[in-house]
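Biologist: Can you walk me through the labels on this one? I'd like to hear the reasoning behind each.

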Amino acid sequence: MNFVTRTIGGLKKDDIFCNLRIPNQFQTAKEEVSLLIVTGRGIFCIDVKDWRGEVSVQKQNWQLKLKQEGQNITNIRQVPDPIQAITTKADHLWNHVKRSGASVRRSLFLPRVLFLSANCQLDGELRQRRELVSHGSLDAFVCSLKEGYVAWMSDALTPSWLSGECGHFVVTVDYYRLMG
C-alpha cells in the first residue's frame, strides 16, 4: 500500500507513516493505525482491512458473511464497527498532537477504512459512507491525495499557528515519539 500511495498518489515518502501506535486519551494503552498520510487536505488516519465476503451493519456491530467455495456453508462473523474504531484513533492522535503543543483543527484528521480485497462487498448503506473506501474506489482515493502546486506552496509558507493546520515537521517529530 505504501508503494501504491507514492506512485499513484504522487506522495513523498515523508508524507506516509505506517503502523503508528497512538496512545489513548488516558495514555494507558496504545492502538495501531495502519497508515497515516499527511496532505494539504488533512491528515488521513487509515485502517486497512483484507476482508472477503458480504459486509453489513447489524446494530452496533458489523457482520461478515463468507460462503465456502464448493460447499453449502456460510461463515458469519461479528466484528466491531471499524468506522467507530478509526474515528476514535483519529481523536486520540489529534489529542496527542495537541498535547505536543501543535494547534491543529480536529476537522483535519480524516478517518478512513480501506478494503483491499476485490471479493469484499459492502451493503448499500455502507457504500454511501465517506469514511469507507472499497477495493473498486482505491485508485480514485489514492489519486485524490495528490496536491497541486498552489496547495503545496500554501502549506509550506503558511505558519501552523495561523492556519490551524499541522505541518510535516510536527507530524514527523510526533511519529518518532510514537515509535519510541
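Modeller: Let's begin with how strands are picked: a strand is a DSSP run of E with at least two residues, numbered from the N terminus. By that numbering, S56 sits in strand 4, residues 53-58. Bear in mind that this is a predicted model.

Biologist: What makes S56 buried rather than exposed?

Modeller: Buried means under 20% relative accessible area. S56 has 14%, so it counts as buried.

Biologist: And which residues is S56 in contact with, leaving aside its neighbours within four places in sequence?

Modeller: Those are W62, Q63, D123 and L126. There is also a polar contact between the side chains of S56 and Q58, at 3.4 Å. The cut-off for such a pair is 3.5 Å, so 3.4 Å falls within it.

Biologist: On to helix 2. How do you know that the span of helix 2 agrees with its number of residues?

Modeller: Helix 2 covers residues 82-99, which is 18 residues. At 1.5 Å a residue that should span 26 Å, and the end C-alpha atoms are 25 Å apart, so the two agree.

Biologist: What happens at the start of helix 2, and just after it?

Modeller: At the start, a side-chain oxygen of D81 comes to within 2.8 Å of the backbone nitrogen of I83. Just after the helix, G101 has a positive phi of about 105°.

Biologist: Which residues of helix 2 are buried?

Modeller: P82, I83, I86, K89, A90, H92, L93, W94, H96 and V97. D91 is in helix 2 as well, but its relative accessible area is 29%, so it is called partly exposed: that value lies between 20% and 50%. The C-alpha atoms of D91 and P111 are 9.1 Å apart, with their positions 20 residues apart along the chain.

Biologist: Why is the pair D47 and K89 called a salt bridge?

Modeller: The rule asks for a side-chain nitrogen of Lys or Arg within 4 Å of a carboxyl oxygen of Asp or Glu. For D47 and K89 the N to O distance is 2.9 Å, so the pair qualifies. The two come from distant parts of the chain, 42 residues apart: D47 is in strand 3 (residues 43-49) and K89 in helix 2.

Biologist: Are the two partners, D47 and K89, buried or exposed?

Modeller: D47 is buried at 5%, and K89 is buried at 12%. Each value is under 20%, hence the label.

Biologist: How many salt bridges does the rule give?

Modeller: Four. Among them are E131 with R129 at 3.2 Å and E131 with R130 at 3.1 Å.

Biologist: What makes R129, R130 and E131 a network?

Modeller: E131 pairs with R129 and also with R130, and the three are linked in a network of salt bridges. Their accessibility labels vary: E131 is buried at 11%, R129 is partly exposed at 35%, and R130 is exposed, because 62% is over 50%.

Biologist: Last one, the cysteines. How many disulfides are there?

Modeller: Zero. To count, a pair of cysteine sulfur atoms would have to lie within 2.5 Å. As for accessibility, C18 is partly exposed at 27%, while C120 is buried at 10%, since that is under 20%.

Key:
Residues are numbered from 1 along each chain as its sequence is written. This is a predicted model: local features need pLDDT of at least 70, side-chain atom pairs count only at pLDDT 80 or more; totals for chains, interfaces and linings use all residues. Side-chain values use heavy atoms; hydrogens and water are left out. Helices (H or I, at least four residues) and strands (E, at least two) are DSSP runs, numbered from the N terminus. The expected span of a helix is 1.5 Å times one less than its number of residues. Buried means under 20% relative accessible area, exposed over 50%, partly exposed in between (1.4 Å probe, protein chains only). A polar contact is a pair of N or O atoms within 3.5 Å; within protein, one must be able to donate a hydrogen and the other to accept it, and residues adjacent in sequence count only if both atoms are side-chain atoms. Contact means heavy atoms within 4.5 Å.
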